[in-house]
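Visitor: I'm new to this one. Can you walk me through it?
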Amino acid sequence: MDAQHREHADMQPYEMSVFRGDSGQATPATLSGRSSRAALRLHGQDPQEGATVQELPPVDRGLKAWTFCVCGFVLEMMIWGFSFSYGIFQDYYTSNPPFNKASGVAIAAVGTVGLAIQYGEAIFLSFIYGRYPDFMRMGMWLGLLLYFASLFCSSFATEVWQLILLQGVGTGIGGGLTYMPVIKLLPEWFSERRGLAGGIIFAGTGVGGFVFPFVLNALLDRVGLRWTLRIWAIGTSFFSGIALLGMRSRFPIPKFAAHQRRPRFIPPQVGFVKSPLFWTFAITNMMQGLSYFPVSLYIATYTRSVSNQLTATIILSLFNSSAVLGQIILGHLTDRFPYPAIMVVSAVGSALAAFFLWGFANAAIFLYIFAVIFGGLSGGFSSTWPNAAVESVGGQPEYAGMAFAGTAFFKGISAVIGPIISGLLLQTGKGSTMGGGFGRFGYGAVEIFVGSCALVTGVGSVAVAVARQQVLP
């Protein structure tokens, strides 16, 4: 934590916040109470004339901070947990009409396009909400409406391109709009416990990824694809709508009069875009995504080749749920130890699991072990993001959310490229085994690709450690 951030965190349970436009004049933003006036004087300033004063809730503790954390967990579970459960639909679409005649790459694109958009749009939304912060609440509700409409209408699709447009593009845009407040507001509510809070929130993906495959599989068996999508659209909207009620900024939302200039879309002095720490961390995360997404997409299909559909569902659920412990444990460790070291352990462990456990898996027991190890280590990798984002921006903590979104953009690139490359490698394998029991059912090249990308992630993590030393005081 930088010195400026630490100083603010130690100033009573309250802080001050001044919002400025391009003109440099203070907008009618709200400052904290008497402690904020004292803080201003402590820094040699007097409160701005005409500023409204109120107390701010404490950082790292208190009902409002943990309410935000719980609501963020629910949104993570409903939006991302469903996205990472697409393996159930991937298996269903390739096995049942009317989509079973389409190519596997096209069907995989439904899930990967949605994930890529959710990751990629975060950086653009951070620019938009930086200029129009007063429209963020409207945006998240419009996003939830779009998510519901797209998922509900996808139940009427008869062609794969319609699924890509609705279940992919539509839910991707809507999900990103709905989830964006979590990224933007997390640095406001948590400082010293940022890694733990981020780990708890991001664990929602694992919880949803564990529960949802069983629920989706049961619904597909009982009511069919059409009603499964409709029921899910209604349920997601209900629970996400409740969670959105807790998505509130810790700071007062600035109000801009008609004559006041708003901040620029792209701030003029964003120092982190020149930071080697940001770029090494972002590119390393892209490589990690190339390792992670193919497993998330194909682990259920591979398991069904070894065992049966029930086992495939259990393996996918176990893979996703292992990320829960991974997120929380690794997130907590990043508050105590340098996060590049956590990244190295995650990457090397994931590579070994891919090469040896998945590569030579000839029975379900090996896949159970692989799902736990790879799911926990690789699935928990993103818990390093919050602390890395804050360190990347250095003395500009207000841009931490933007740095976080920039990392997500690179992760979104891997969400598209990884499954496409692995899909092409799988088609090339044509169901053959490489030799020595490695790479059964044509997955050998995919397993090598996954393990190699994980090793490159480990090398990138060392580069992150070197870059980090250059920015630390």
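Guide: First a term: buried means under 20% relative accessible area, exposed means over 50%, and partly exposed is in between (1.4 Å probe, protein chains only). This is a predicted model, where local features need pLDDT of at least 70 and side-chain atom pairs count only at pLDDT 80 or more, while totals for chains, interfaces and linings use all residues. Residues are numbered from 1 along each chain as its sequence is written, and side-chain values use heavy atoms, with hydrogens and water left out.

Visitor: How many salt bridges are there?
Guide: Two, counting a side-chain nitrogen of Lys or Arg within 4 Å of a carboxyl oxygen of Asp or Glu.

Visitor: Which residue does Asp91 pair with?
Guide: Asp91 forms a salt bridge with Arg304, at 2.8 Å from N to O. Asp91 lies in helix 4 (residues 86-95) and Arg304 in helix 10 (residues 276-306), 213 residues apart. Helices are DSSP runs of H or I, at least four residues, numbered from the N terminus.

Visitor: Is Arg304 buried or exposed?
Guide: Arg304 counts as partly exposed, because its relative accessibility is 33%. Asp91 is buried, at 5%.

Visitor: And the other bridge?
Guide: Arg468 and Glu391 meet there, also at 2.8 Å, N to O. Arg468 is in helix 16 (residues 444-471) and Glu391 in helix 14 (residues 385-393), 77 residues apart. Both are buried.

Visitor: New topic: which residues form the nonpolar patch on the surface?
Guide: Phe210, Val211, Phe214, Val215 and Leu310, with about 400 Å² of accessible area together. Patch residues have over 30% relative accessible area and no salt bridge; nonpolar side chains (Val, Leu, Ile, Met, Phe, Trp, Tyr) are joined within 5 Å, like charges within 9 Å. Areas come from the Shrake-Rupley method with a 1.4 Å probe, and for residues only the protein chains shown count as cover.

Visitor: Which helix gives the largest share?
Guide: Helix 8 (residues 194-222), with four residues.

Methods: Helices (H or I, at least four residues) and strands (E, at least two) are DSSP runs, numbered from the N terminus.
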